[in-house]
Amino acid sequence: MASEIVVDHREKALAVLKADADKIMKLIKVQMDNLTMPQCPLYEEVLDTQMFGLSREIDFAVRLGLIEDRVGKELLDSLERELSALLDAFTTK
């Protein structure tokens, strides 16, 4: 029974982190679709804050043993790749 609870908490933690990562991904996609200036101070502030918040959530989940460090890094890496693609798309526009 206890191991089922641990698995349930791990699944919930991963689902919450993925949902938060998806919200950030949507912000990036909106920028890519519109190719608006990614250096906009408001955009940078929101995105930086969101990315920092997600990194802290991931760190907390890792420290609690709810997710593996590798899984957290993969979530952040995928978002960073999207950000890089956005910057590339904007600079080649």
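Buried, as used here, means that a residue has under 20% relative accessible area, whereas exposed means over 50%. The exercises below apply these words to a predicted model.

**Exercise 1. Describe the overall make-up of the protein: how many helices and strands are there, and what percentage of the residues is buried?**

Step one is to go through the elements: the protein has 3 helices and 0 strands, and along the sequence they give the pattern α-α-α. Step two is to turn to burial, where the buried share comes to 25% of the 93 residues. Step three is to consider the surface, since the accessible surface of the protein is about 6400 Å², and carbon and sulfur atoms account for 60% of it.

**Exercise 2. Find out which residues of the largest nonpolar core touch the most other members, and which helices supply the core.**

Begin with the core itself, which holds 16 residues; those touching the most other members are Leu-17, Ile-24, Ile-28, Met-51, Leu-54, Ile-58 and Leu-79. Next, assign the core to its helices: α1 (2–34), α2 and α3 (69–92) each contribute at least two residues to it. Then follow a single member, Leu-79, which, when residues up to four places away in sequence are not counted, touches Ala-21, Ile-24, Met-25, Ile-28, Met-51 and Leu-54. As background, nonpolar side chains in soluble globular proteins tend to be buried together. Finally, look at contacts across the protein: of those between residues at least 6 apart in sequence, 72% join residues at least 24 apart.

**Exercise 3. Decide for Asp-20 and for Asp-48 whether each is buried or exposed.**

Start with Asp-20, which lies in helix α1. Its relative accessibility is 18%, and Asp-20 therefore counts as buried, the cut-off for that class being under 20%. Leaving out neighbours within four places in sequence, Asp-20 makes contact with Leu-54 and Glu-57.

Now take Asp-48, which belongs to helix α2 (residues 41–63). Asp-48 counts as exposed because its relative accessibility is 52%, and the cut-off for exposed is over 50%. To place Asp-48 relative to another residue, note that its C-alpha atom is 9.9 Å from that of Ile-24, although the two are 24 residues apart along the chain.

**Exercise 4. State the mean pLDDT of the protein, and say which element has the lowest mean and which the highest.**

First, consider the protein as a whole: its mean pLDDT is 84, and 84% of its residues reach 70 or more. Then go through the elements, among which α1 has the lowest mean pLDDT, at 84, while α2 has the highest, at 87.

Notes: Residues are numbered from 1 along each chain as its sequence is written. This is a predicted model: local features need pLDDT of at least 70, side-chain atom pairs count only at pLDDT 80 or more; totals for chains, interfaces and linings use all residues. Side-chain values use heavy atoms; hydrogens and water are left out. Helices (H or I, at least four residues) and strands (E, at least two) are DSSP runs, numbered from the N terminus. Buried means under 20% relative accessible area, exposed over 50%, partly exposed in between (1.4 Å probe, protein chains only). Contact means heavy atoms within 4.5 Å. Accessible areas come from the Shrake-Rupley method with a 1.4 Å probe; for residues, only the protein chains shown count as cover. A nonpolar core is a set of buried Ala, Val, Leu, Ile, Met, Phe, Trp, Tyr and Cys residues joined through side-chain atoms within 4.5 Å. pLDDT is the predictor's confidence in each residue, from 0 to 100.
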